[in-house]
Amino acid sequence: MHDTLPLLRNSDFPRLARKALETVQANLGYRCNQACLHCHVNASPKRTEAMDGETVGLVLKLLARSGANTLDLTGGAPELNPHFRDMVRAARSLGARVIDRCNLTVLEEPGSEGLADFLADQGVEIVASLPCYLEDNVDRQRGAGVFAISLRVLRRLNELGYGRPDSGLVLNLVYNPQGPVLPPPQDALEVAYRRQLKDRFGLVFNRLYALANMPIQRFGSTLVTADRFEAYLSLLRGAHNPGNLDGVMCRSLVSVDWQGYVYDCDFNQMLGLPLGATEQPRVHLRELMEWAWKGRAINVADHCYGCTAGAGSSCGGALNP
Ligand code: SF4
Ligand code: SF4
């Protein structure tokens, strides 16, 4: 696979500084039951990296001490980590909002019995990937049969109350483009998703997040192979909207890897770009328990144009839909 960091580093992306910390995003490991084409984590069933119990404890300690109010769990498939349920319970007992970035199909994997009920009982917010409402497009990007399983799981989540307006159980869906193009306007796409999923399958959800593909890892590498990397970067750079700089997620989020090392965001984690505020090549959670986050520098490079292009892109969808 091609390393895209050398192609991104010599960057004129504007400098950014942190605001107060709101979200601790923990990557619980790179194992996933899928191996999607666009995956920026390079996750697959063959990966074995997983956060251990001690590191889980440190993440919870940071959550409690830093003033952050949200724990955002990602992977791979975070649910495959053996500490997932204990971590969720502990974070909820701290009063934190917990987000599970769920690929849907994992809820039908062996060992996931009762997981959907658990998420509902704990009031966990689900952010679920569904890159299209058409079967062929989903299966091409995420693997044969993924669309059918995703619909089954969405139906189960709806039965539990997820996505229904008065249940308090939030189910947001994530769209990302199939190729090296910007996502279409989020609000219009949400209307189309809502109509298609309701009319054809009787399914409901809360919000649709339209995310841009990042020119890193598996997606970035396929662009290099196809000689389309520079063209995609030019597209992102040409669509840069300075109005999005205020809302990019790294300003209020920190990303922790499965070993407890800390980065400005999940994309920087995947690129191995260290936390911007220190001179160290890697910074561990243990060193940051008493940190004041506000005003600290963020490590930026050309992939950051993926967050500011057009309507902007973040873990919570478009910045200016
Ligand atoms: S489901 Fe998510 S983490 Fe798993 S391979 Fe696909 S994009 Fe990567
Ligand atoms: S890629 Fe990461 S560091 Fe760059 S703007 Fe986006 S969130 Fe911030």
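Buried, on this tour, means under 20% relative accessible area. Keep that cut-off at hand as you click through this predicted model.

**Stop 1: Gln 217 and helix 8**

Start by selecting Gln 217, which belongs to helix 8. Is Gln 217 buried or exposed? Its relative accessibility is 15%, so it counts as buried. Now look at its backbone: phi is positive, about 45 degrees, although Gln 217 is not a glycine. That deserves a second glance, since most residues other than glycine have a negative phi.

Extend the selection to the whole of helix 8, residues 217–225. Its buried residues are Gln 217, Arg 218, Phe 219, Gly 220, Ser 221 and Leu 223. What covers them? Show helix 9 and helix 10 (266–271), which are included in the cover over these residues. Then step off the end of the helix to Asp 227, which follows helix 8 and has a positive phi near 60 degrees.

**Stop 2: helix 9 and the loop after it**

Move on to Leu 235 in helix 9. With a relative accessible area of 33%, Leu 235 is partly exposed. Setting aside neighbours within four places in sequence, Leu 235 is in contact with Pro 180, Val 181 and Leu 182. Try a distance label too: Leu 235 and Gly 310 are 75 residues apart in sequence, yet their C-alpha atoms are 9.8 Å apart in space.

Follow the chain to Ser 252, in the loop between helix 9 (229–238) and strand 7 (253–256). Ser 252 counts as buried because its relative accessibility is 17%. Which residues does Ser 252 touch, leaving aside neighbours within four places in sequence? Select Ala 20, Leu 21, Glu 22 and Thr 23 to see them.

**Stop 3: ligand 2**

Next, centre the view on ligand 2, which sits in the second largest cavity. Around ligand 2 you will find Met 249, Cys 250, Cys 265, Phe 267, Asn 268, Ile 298, Asn 299, His 303, Cys 304 and Cys 307. Colour this shell by residue class and you get seven nonpolar, three polar and no charged residues.

**Stop 4: ligand 1**

Now jump to ligand 1, whose place is the largest cavity. Its surroundings are Cys 32, Gln 34, Ala 35, Cys 36, His 38, Cys 39, Ala 43, Gly 76, Asn 103 and Arg 142. How many residues of each class make up the shell around ligand 1? There are five nonpolar, four polar and one charged.

While you are here, select Asn 42, in the loop between strand 1 (23–27) and helix 2 (53–66). Asn 42 is not a glycine, but has a positive phi of about 65 degrees. At 17% relative accessibility, Asn 42 counts as buried.

**Stop 5: helix 5**

Arg 142 leads on from the shell of ligand 1 to helix 5, residues 135–142, where Arg 142 is one of the buried residues. The others to highlight in helix 5 are Asn 137, Val 138, Asp 139 and Gln 141. Turn on strand 4 (125–129) and helix 6 (146–159), as both are included in what covers the buried residues of helix 5. The residue following helix 5 is Gly 143, with a positive phi near 120 degrees.

**Stop 6: strand 5**

Go to Asn 172, which is found in strand 5 (residues 171–175). Asn 172 counts as buried, because its relative accessibility is 3%. Leaving out neighbours within four places in sequence, the contacts of Asn 172 are Glu 125, Ile 126, Val 127, Ala 128, Asn 206, Arg 207 and Tyr 209. Between Asn 172 and Val 98 there are 13 Å in space, C-alpha to C-alpha, for a separation of 74 residues in sequence.

**Stop 7: the nonpolar cores**

In soluble globular proteins, nonpolar side chains tend to be buried together. Here the largest nonpolar core has 104 residues, and those with the most contacts inside it are Val 24, Leu 71, Leu 173 and Tyr 193. Select Leu 71 and, not counting residues up to four places away in sequence, display what it touches: Val 24, Ala 26, Val 59, Leu 63, Met 87, Ala 91, Arg 97, Val 98 and Ile 99. For a last selection, take the second, separate core of five residues, including Ile 99, Val 127, Tyr 209 and Leu 211. Two of these may look familiar: Val 127 and Tyr 209 were among the contacts of Asn 172.

How values were computed: Residues are numbered from 1 along each chain as its sequence is written. Chains are lettered from A and ligands numbered from 1 in the order in which they are written. This is a predicted model: local features need pLDDT of at least 70, side-chain atom pairs count only at pLDDT 80 or more; totals for chains, interfaces and linings use all residues. Side-chain values use heavy atoms; hydrogens and water are left out. Helices (H or I, at least four residues) and strands (E, at least two) are DSSP runs, numbered from the N terminus. Buried means under 20% relative accessible area, exposed over 50%, partly exposed in between (1.4 Å probe, protein chains only). Contact means heavy atoms within 4.5 Å. A residue is near a molecule or strand if one of its heavy atoms lies within 4 Å of it. On a 1 Å grid over the protein atoms alone, a cavity is a set of points where a 1.4 Å probe fits but cannot get out, and a pocket is an open set with protein on both sides within 12 Å along at least five of seven lines; lining residues have an atom within 4 Å of a point. A molecule sits in a cavity or pocket if more than half of its atoms lie within 2 Å of its grid points. Ala, Val, Leu, Ile, Met, Phe, Trp, Tyr, Cys and Pro count as nonpolar, Asp, Glu, Lys and Arg as charged, and the others, Gly among them, as polar. A nonpolar core is a set of buried Ala, Val, Leu, Ile, Met, Phe, Trp, Tyr and Cys residues joined through side-chain atoms within 4.5 Å.
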